[in-house]
Amino acid sequence: MKILITGGTGYIGSHTILMLLNEGYDVIVIDNFSNSSPKVIERIEFLSQKKVCFHEGDIRDERFLKSVFKEHVITTVIHFASLKSVSESISMPIEYYDNNISGTLTLLKVMNYFGVNNFIFSSSATVYGAPSRIPLDESCDTGDTTNPYGTSKYFLEQILIDTQRANPALNIMLLRYFNPVGAHSSGFIGEDPNGIPNNLFPYITQVAIGRLPRLSIFGDDYPTEDGTGVRDYIHVMDLASGHVAALNRQHVLTGLRCYNLGTGKGYSVKEIVETFQKITGKKIPYIVSARRPGDIAECWSSPELAQKELHWEAKRSLEDMVIDAWNWQNKNPNGYLE
Ligand code: NAD
Ligand code: UFG
């Protein structure tokens with residue numbers, strides 16, 4: 001039983017691969033390094049004490065994919081590969097739709113050609129758009145997305161629903177991640193964004209390490225307790241264990257399934273900054289600036305369906321997320337660049 005992981009050297013993929021290797025799974029990894037470093041492989045090998053079977057290539061390249069599927073008997077695909085920057089997607093919609101949608105279509109065609117029927121897809125809470133109610137459960141409306149990245153995830157969910165309907169032998173899980181943060185507790189692998197981070201956690205850790213002068217809090221006039229945005233942050237190792245749970249349960253949870261992967265708790269930007277300062281002893285200077293276009297006031301998950309059906313729940317606290325995010329940044333001030 002071999003599991004193909006696309007986008008496996010990225011942030012979430014790398015943590016998931018490590019966990020799968022440690023649990024004894026046979027893993028094949030592909031990535032084109034468009035947003036990750038080859039060093040990730042060395043570090044996973046060091047941590048797992050196992051060799052990673054890696055193929056460099058692009059999921060839009062059908063010949064490349066066919067060569068990988070021909071070489072290995074693959075039973076399940078976990079599909080992380082995607083471009084993921086909200087702001088970049090607004091200025092580069094064609095690249096985003098091409099990479100995310102064409103790439104997934106090519107992958108599905110090749111899976112079909114080789115008769116591979118199990119698929120686990122990285123979706124996102126972003127598909128809910130502006131929440132109709134909170135906490136968000138899987139029956140909430142989707143589709144009111146505000147940027148091409150989010151729309152690509154929404155379209156892909158629809159494509160996967162149609163594909164499964166046409167071929168009931170397919171088992172597809174849509175995993176809607178909330179806000180992944182933190183790192184492996186070793187500090188050997190973590191999140192290494194290109195350029196100035198868009199997301200709150202890497203921005204804060206880069207301020208703390210001295211790479212950035214101050215944080216801008218995007219708005220303190222939201223209808224939330226302290227006026228700043230509220231999100232459901234989930235430790236990346238909990239997210240990784242969500243994929244292991246999905247893999248272990250897919251043989252009983254057949255057909256098309258959709259699960260939120262979140263903690264069910266929301267924290268505001270100010271709460272994150274305060275917790276970070278308290279735990280690390282590092283001062284995070286900040287200014288309050290205008291709201292970021294497309295941001296919503298608050299969003300957190302109902303993780304109940306995943307608890308019930310995947311037998312999974314997030315275990316790590318906000319303190320764990322902060323400790324591990326800071327440990328990674330502190331040990332790797334410039335990410336994977338030595
Ligand atoms: P990431 O950018 O760190 O990892 C994605 C990996 O895919 C990278 O290593 C990149 O090089 C690779 N890749 C991209 N296009 C490719 C292609 N055409 N062919 C081969 N490899 C390709 O992102 P991540 O944070 O690990 O996210 C993983 C998945 O989870 C993505 O699908 C993302 O959209 C989704 N997601 C992420 C978040 C988040 O906040 N990190 C939230 C919700 C959903
Ligand atoms: N924020 C700031 N300053 C910053 C960065 C963020 O105040 O420099 C605030 C945002 O306004 C928001 C909160 O911090 O209130 C979290 O913002 P992030 O950018 O970290 O995360 P988002 O919730 O905006 O989006 C993330 C991913 C999306 C994904 C979504 C749900 O970027 O791709 O989580 O999974 F879809």
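# Exercises on two ligand shells and two helices

Strand E5 is the element that contributes the most to the shell around ligand 1, supplying 3 residues; helices (H or I, at least four residues) and strands (E, at least two) are DSSP runs, numbered from the N terminus. Residues are numbered from 1 along each chain as its sequence is written, and chains are lettered from A and ligands numbered from 1 in the order in which they are written. This is a predicted model in which local features need pLDDT of at least 70 and side-chain atom pairs count only at pLDDT 80 or more, while totals for chains, interfaces and linings use all residues, and side-chain values use heavy atoms, with hydrogens and water left out.

## Exercise 1

**Task.** Describe the surroundings of ligand 1, beginning with the nearest residues and ending with the classes of its shell.

**Solution.** Begin with the residues near the ligand, a residue being near if one of its heavy atoms lies within 4 Å of the molecule. There are 28 residues around ligand 1, and those that come nearest are Ile-12, Asp-31, Asn-35, Ser-36 and Tyr-149.

Next, look for polar contacts, which are pairs of N or O atoms within 3.5 Å (within protein, one must be able to donate a hydrogen and the other to accept it, and residues adjacent in sequence count only if both atoms are side-chain atoms). Asn-35 places a polar side-chain atom 2.7 Å from an oxygen atom of ligand 1, a polar backbone atom of Phe-80 lies 2.8 Å from an oxygen atom of this ligand, and a polar side-chain atom of Lys-153 is 2.8 Å from an oxygen atom of ligand 1.

Then consider cover, using accessible areas from the Shrake-Rupley method with a 1.4 Å probe (for residues, only the protein chains shown count as cover). Ligand 1 exposes 820 Å² when taken alone, and the protein buries 95% of that. Helix H1 (11-22), strand E5 (118-124) and helix H6 (148-166) are the elements that give two or more residues to its shell.

Finally, sort the shell by class, where Ala, Val, Leu, Ile, Met, Phe, Trp, Tyr, Cys and Pro count as nonpolar, Asp, Glu, Lys and Arg as charged, and the others, Gly among them, as polar. The shell around ligand 1 holds 10 nonpolar, 13 polar and 5 charged residues.

## Exercise 2

**Task.** Treat ligand 2 in the same order, and state which element gives the most to its shell.

**Solution.** Ligand 2 is surrounded by 21 residues, of which Ser-124, Asn-199, Arg-231, Arg-292 and Asp-295 are the closest. A polar side-chain atom of Asn-179 is 2.9 Å from an oxygen atom of ligand 2, a backbone N or O atom of Tyr-177 is 3.0 Å from an oxygen atom of the ligand, and a side-chain N or O atom of Ser-124 is 3.4 Å from an oxygen atom of ligand 2. On its own ligand 2 has 690 Å² of accessible area, and the protein covers 89% of this.

Helix H7 (200-209) and strand E8 (215-218) each supply at least two residues of the shell, and E8 gives the most, with 4 residues. By class, the shell of ligand 2 comprises 11 nonpolar, 7 polar and 3 charged residues.

## Exercise 3

**Task.** Explain why the buried residues of H3 line one face of the helix.

**Solution.** Apply the cut-offs: buried means under 20% relative accessible area, exposed over 50%, and partly exposed in between (1.4 Å probe, protein chains only). In helix H3 (residues 62-71) the buried residues are Phe-64, Leu-65, Val-68 and Phe-69. Seen down the axis of H3, these residues fall within an arc of 130°, and therefore they line one face, the arc being that of the directions from the helix axis to the C-beta atoms. An α-helix has 3.6 residues a turn, so residues three or four places apart point the same way.

The face turned away from the buried side of H3 carries the exposed residues Arg-63, Lys-70 and Glu-71. The buried residues pack against elements including strand E1 (2-6) and helix H5 (93-113), contact meaning heavy atoms within 4.5 Å. At the N-terminal end, Asp-61 caps H3, with a side-chain oxygen 3.2 Å from the backbone nitrogen of Arg-63.

## Exercise 4

**Task.** Determine how many residues of H7 are buried, and say what follows the helix.

**Solution.** In H7, 9 of the 10 residues are buried, so the helix is largely enclosed by the rest of the structure. Among the buried residues are Phe-201, Tyr-203 and Gln-206. They pack against strand E7 (179-181), E8, strand E10 (233-235), helix H9 (269-280) and helix H11 (318-331). Gly-210, with a positive phi near 95°, follows H7.
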